[in-house]
Amino acid sequence: MIPIIGAGLAGLSAARNLRGDYVILEKDARVGGLCKSVDIDGFIFDYAPHILFTRDDHIRALFEDQLEGNLLKHTREAFIYLQGAFARYPFEVNLHNLPEDVIRECIDGVTNRKPIEATNFEEWIYSTFGDGIAKHYMIPYNRKIWKYDLSKMNIDWISGRVPSPSVEEMKEGAARSIRRDFGPNAEFMYPMHGGIGALANQLSKGLNISTGSKVVEIKPSGDDVIVKYTKDGENREISAEKVLSSIPLPDMVDMLHDPPEEVVKAAGALVYNSLVCVNIGVRTPEIIDKHWLYFPEDELIFNRISFPMNFSEHTTPGDASSILVEVTHREDSVNLESIRDRVLEDLIKTGILEEEDEIMVCDTSAFKYAYVIYDLDHKKNVGIIHDYLESVNVVPIGRFGEWEYFNMDKALLSGRNAASRISGIS
Ligand SMILES: Cc1cc2nc3c(=O)[nH]c(=O)nc-3n(C[C@H](O)[C@H](O)[C@H](O)COP(=O)(O)OP(=O)(O)OC[C@H]3O[C@@H](n4cnc5c(N)ncnc54)[C@H](O)[C@@H]3O)c2cc1C
């Protein structure tokens, strides 16, 4: 019996591809991990906002197959809110709606940029986009989402994530709307019913899953590994030749019985940020026609806001509107009420909400692990932990097991690939 820890997408995908006996141990009462959705008085909110997109044909086919008859296709309507105006995303090819002086600064910056061999994220931003785009958008937005010194982040993760258009395209986008669809999510899909959680619910059908099972210790024992967990107030354990785990690496190392000093040190040096989401239901219909917005300015607390009602009309009761607000942070604990109050204030400042709008639902949720931060030692520290885990037959999977900036497709592939390796399928 192979234990798979976590019924997020990586764990579900591993189970679907493993030959032989397995059980998924999931601490939560529900499957899906980060890809769950909640129904609050008829408003469907994803735990954190999710859309479906991928460049992998196998995963696209999986999405289409699992969500057959329940899949909507969209063309992205995403914008950056700056100085009271909206610039279409990606900012750097859609400058034309911005104030004249901002456009000039951005174009001068791009024209006079000094292309260098960047050694960190901050240098990469300046050398790719020039001073103006860096100053108005790339630097403030990235500082706001990562909450980390950009000169201490590497550039291993950028390829395919941050659109890098040509200088000519940037200049063209300053003159007029070119409506080029840059980036991997220019077209995306979303479930018609049930929010993003519909995918995990579907994938979990027929799998052997033990929910409410919290793993508390991993103990290597000879050629085996013992997984200790609690369920229904009882202590239980499974001894296995291998265990697959999507537990975040820092928590995994905490659970290891007697790990080497250097592994503990490497785990303590891993960097990540956390997230608070504020889910708001509003009586007023159609408060906006966009999918999501980015907010680089410091005066506003949120970094991104999505509008689930525009992903699927079935996410609101009747003609209401819904807003999913994201605020990243790197604190050990935050005051959810004060974040919620500040979010409501700032929504009014931007005009997204009006004073007189009736709030039907306002709920907060908090996630300790949101984004892995690629600090300059990311590769070294992850390598030390992974090498040790491999030596004790623990196979890390998923976004926080592999400790990579994985989207849903990569999380699914991570589980599938690990299961295939263990099952001897290449
Ligand atoms: C804000 C945000 C927005 C995102 N948006 C998108 C998007 O639009 N599109 C996209 O493709 N991807 C998106 N992603 C990425 C996507 O959420 C992840 O790639 C994916 O959900 C990771 O799945 P996973 O199984 O690796 O991890 P998780 O979803 O974290 O699953 C891990 C599971 O392990 C369980 N677990 C942890 N510890 C224990 C324990 N001790 N015992 C038992 N069980 C345990 C957890 O409860 C959880 O169910 C987003 C991520 C974030 C944070």
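## The second largest pocket

In this predicted model, the second largest pocket is lined by K242, H386, D387, E390, N393, V394, V395, P396, E402, R421 and I422. Three elements give two or more residues each to that lining: α10 (378–391), β19 (394–396) and α12 (408–422).

The space in the second largest pocket comes to about 250 Å³. Its lining mixes classes: five residues are charged, four are nonpolar and two are polar. Rolling a probe the size of a water molecule over the atoms shows where empty space of this kind is left.

## The shell around the ligand

The ligand has 35 residues around it. E26, L34, H50, F406 and M408 come nearest. By class, the shell divides into 20 nonpolar, nine polar and six charged residues.

Several elements each supply at least two residues of this shell. The helices are α1 (9–17), α11 (398–401) and α12. The strands are β2 (22–26), β10 (213–221) and β18 (359–372). Helix α12 also gives two or more residues to the lining of the second largest pocket.

## Where the ligand sits

Why does the ligand lie between domain 1 and domain 3? Both domains give residues to the shell around the ligand, so the ligand lies between them. Domain 1 is built from separate stretches, 2–34, 194–267 and 376–422. Domain 3 covers 272–372.

## Polar contacts with the ligand

Which kind of atom does H50 bring to an oxygen atom of the ligand? It is a polar side-chain atom, and the distance is 2.6 Å. L34 uses its backbone instead: an N or O atom lies 2.8 Å from a ligand oxygen atom. For M408, too, the atom is a backbone N or O, 2.8 Å from an oxygen atom of the ligand.

Taken alone, the ligand exposes 1,000 Å². The protein buries 94% of that area.

## Two backbone details

Most residues other than glycine have a negative phi, and most peptide bonds are trans. Two places in this model depart from those patterns, as set out here.

A cis peptide bond joins Y89 and P90, with omega about 0°. P90 is found in the loop between β7 (85–88) and α3 (100–111).

D41 has a phi near 50°, a positive value in a residue other than glycine. Where is D41 found? D41 is in the loop between β3 (37–40) and β4 (43–46).

Methods:
Residues numbered from 1 in each chain as written. Predicted model: local features only at pLDDT ≥ 70, side-chain atom pairs only at ≥ 80, totals over all residues. Heavy atoms only, no water. 1 Å grid on protein atoms, 1.4 Å probe; cavity = no way out; pocket = protein on both sides within 12 Å on 5 of 7 lines; lining within 4 Å. Points joined across faces, edges and corners; volume = space filled by probe spheres on them. Helix = DSSP H or I, 4+ residues; strand = E, 2+ residues; numbered from the N terminus. Nonpolar A, V, L, I, M, F, W, Y, C, P; charged D, E, K, R; others polar. Near = heavy atom within 4 Å. Polar contact = N/O pair within 3.5 Å; in protein donor to acceptor, adjacent residues only side chain to side chain. Areas by Shrake-Rupley, 256 points an atom, 1.4 Å probe, with all protein chains shown as cover. Domains from an automatic or database assignment.
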